[in-house]
Amino acid sequence: MFKRLCFSYLVSGKTGFGSTAHFKIPHYFKNVDSIKKRHKKYADFCGAEYKFVTDGEQFESFFLMMTSKYPFLRDFDVISNFKPYLINEFLKDYDEVLYLDVDIFPGYIQKNFFQSFNLDDGVALCFRQPKWINEINEDKLRINPIFRKWFVSKTMAEQNGFSPHSDIVNYNTGVVGATKTSFNRLNYFENLDVLKMINETDFGMIQNTEKKKKHFFSCEVMFQYCDLRGNNLFTDIGDKWNCFKDYDCGQYFIHASSKEMYARATNTNYSH
């Protein structure tokens, strides 16, 4: 019998730099009870336990560790990397773990995530080449977060002697499933010092913007960097498990990424 966990987290950061200014942060805290209730209901449906992590000693300790070792990180960067840290910690006590962002809502169709994927095969998340990526000009491309994160991870892999594929891929960590076997293959924390290389590297075309190095130190960059170093480390869960549309198109999870979608999602019970 597998011991399974669904979890989410919501922390406020320590300095306010790069986190609390985000338009959705106040909405998250305002609607936290609703979020927890929806995620707990889904966990019950899957026969899993549910945990919700918020500000406290665990995040305080992680924040201090990360900012001491990597003082150039913004709050957002630390909060982002808290996600794989928690996945790794929970896998010490659970066989399978499913992480859900606080803007992820169960969709129009309920389906058991744990029964849908063999999580030993690879860390399960949504990754794919955006259809529009070859249709936008260079000026728009260089400020696009998907392109920027891919460019950073590919550059770092090349500088470390690897020959990564050249496909521009979007790794979205709004929904992540893993076992100890699949997560350990990433060597995520063994590779974390690449953040220092990122900080010291001039990324040319994508850095010469007002955004500077925004998005460069997120866990999505790190996941992609680990994948470009390795081979078949991830399982693509597909759009229905991380869907950016909130009308009924048969999706299992809705990713309410915009302010408008989030407002609708907090007042809608999608699942039939």
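**Reading cysteines and cavities**

Modeller: The closest cysteine sulfur to that of C46 is in C6, 5.2 Å away, and this is too far for a bond. Keep in mind that the model is predicted.

Colleague: Why is 5.2 Å too far for a bond between C46 and C6?

Modeller: A disulfide needs the two sulfur atoms within 2.5 Å. The sulfur of C46 is 5.2 Å from that of C6, so the pair fails the cut-off.

Colleague: How many disulfides does the count come to?

Modeller: The count is 0. C6 is in no disulfide, and its nearest cysteine sulfur is that of C46.

Colleague: Is C6 buried or exposed? And C46, buried or exposed?

Modeller: Buried means under 20% relative accessible area. C6 has 0%, so it is buried. C46 has 5% relative accessibility and also counts as buried.

Colleague: Now the empty space. How many cavities of 30 Å³ or more does the search find?

Modeller: Rolling a probe the size of a water molecule over the atoms shows where empty space is left. Here the search of the whole structure finds 2 cavities of 30 Å³ or more. The second largest cavity has a volume of about 40 Å³.

Colleague: Which residues line the second largest cavity?

Modeller: The lining consists of I146, K149, V169, N170, Y171, E220, V221 and Q224. Three elements, α7 (145-159), β6 (170-179) and α10 (219-229), each give two or more residues to it. The largest share, 3 residues, comes from α10.

Colleague: How do the residues of that lining divide into nonpolar, polar and charged?

Modeller: The lining of the second largest cavity has 4 nonpolar, 2 polar and 2 charged residues.

Terms used: Residues are numbered from 1 along each chain as its sequence is written. This is a predicted model: local features need pLDDT of at least 70, side-chain atom pairs count only at pLDDT 80 or more; totals for chains, interfaces and linings use all residues. Side-chain values use heavy atoms; hydrogens and water are left out. On a 1 Å grid over the protein atoms alone, a cavity is a set of points where a 1.4 Å probe fits but cannot get out, and a pocket is an open set with protein on both sides within 12 Å along at least five of seven lines; lining residues have an atom within 4 Å of a point. Grid points are joined across faces, edges and corners, and a volume is the space filled by probe spheres set on the points. Helices (H or I, at least four residues) and strands (E, at least two) are DSSP runs, numbered from the N terminus. Ala, Val, Leu, Ile, Met, Phe, Trp, Tyr, Cys and Pro count as nonpolar, Asp, Glu, Lys and Arg as charged, and the others, Gly among them, as polar. Buried means under 20% relative accessible area, exposed over 50%, partly exposed in between (1.4 Å probe, protein chains only).
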